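Here are a few short exercises on aromatic residues and surface exposure. Grab the viewer and work through them one step at a time.

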Amino acid sequence: VDYKRNPVTCSASQVLKQRTGFCYAKSHLLAALLRANGIPTGFCYQRLSVNDNGAPYCLHGLNAIYLEQHGWYKVDPRGNNAHVDAQFIPPKEQLAYEPRLEGETDFNSVLSKPLDKIVKALNQHDTWEDLCKNLPDVSPQGESHT
């Protein structure tokens with residue numbers, strides 16, 4: 001499980017160098033790689049329960065890739081495991097998580113850059129333990145992307 005490794009990374013180059021990153025940092029890397037190859041890529045988020053039973057909540061970082069035949073298509077850069085089966089099978093989106101609890105949501109906006117609060121959180125916390133105690137969140141009522 002690479003997200004439980006230090007240091008906390010933010011930029012694409014940090015993720016490559018350290019070979020670790022939370023979903024947010026992995027979305028930064030995926031966006032950089034796809035954009036470098038001329039593929040329009042943005043950032044998007046889900047709001048999910050941290051403990052899978054309601055509050056507290058946190059954001060989960062995703063990417064959206066513009067596919068000429070399908071428009072914006074969300075993908076999950078985090079990787080799979082025994083409990084997660086995210087797939088790239090356009091036009092169907094199959095993400096790692098599907099919001100199902102009250103308070104969870106898929107934000108529909110595709111952003112050109114990561115949310116400032118994500119970048120701030122990643123740069124502010126040195127260890128994965130510290131970041132896990134301070135995971136970024138956005139209210140589903142106020143899809144404020146700052």
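**Exercise 1.** Decide whether Tyr-73 is buried or exposed in this predicted model.

*Solution.* Start with the number: Tyr-73 has a relative accessible area of 2%. Buried means under 20%, so Tyr-73 is buried.

**Exercise 2.** Work out how the rings of Tyr-66 and Trp-72 are arranged, and do likewise for Tyr-73 and Phe-88.

*Solution.* The count comes to two aromatic pairs. Take Tyr-66 and Trp-72 to begin with: their ring centres sit 5.4 Å apart with the planes at 70 degrees, so this pair is edge-to-face. The cut-offs at work are centres within 6.5 Å and planes over 60 degrees apart. Now try Tyr-73 and Phe-88: with centres 5.3 Å apart and planes at 85 degrees, that pair is edge-to-face too. Tyr-73 belongs to strand 3 and Phe-88 to strand 4 (residues 87–89), so their pairing ties together parts 15 residues apart in sequence. As for cover, Phe-88 is partly exposed at 49% relative accessibility.

**Exercise 3.** Find which residues join Trp-72 in a nonpolar surface patch.

*Solution.* Place Trp-72 to start: look in strand 3, residues 71–75. Next, check exposure. Trp-72 comes out at 41% relative accessibility, partly exposed, and Tyr-66 is partly exposed as well, at 38%. Patch members need over 30%. The patch is Tyr-66, Trp-72 and Val-110, which together offer about 270 Å² of accessible area.

**Exercise 4.** Locate Leu-33 and say how far its C-alpha is from that of Ala-12.

*Solution.* Go to helix 2 (residues 23–36), where Leu-33 is found. Leu-33 is partly exposed, at 44% relative accessibility. From C-alpha to C-alpha, Leu-33 and Ala-12 are 8.4 Å apart, with their positions 21 residues apart in sequence numbering.

Note on methods. Residues numbered from 1 in each chain as written. Predicted model: local features only at pLDDT ≥ 70, side-chain atom pairs only at ≥ 80, totals over all residues. Heavy atoms only, no water. Patch = residues over 30% accessible without salt bridge, like charges linked within 9 Å, V, L, I, M, F, W, Y side chains within 5 Å. Areas by Shrake-Rupley, 256 points an atom, 1.4 Å probe, with all protein chains shown as cover. Salt bridge = Lys/Arg side-chain N within 4 Å of Asp/Glu carboxyl O. Helix = DSSP H or I, 4+ residues; strand = E, 2+ residues; numbered from the N terminus. Buried < 20%, exposed > 50% of the residue type's maximum accessible area, 1.4 Å probe, protein only. Phe/Tyr/Trp six-rings, centres within 6.5 Å; stacked < 30°, edge-to-face > 60°.
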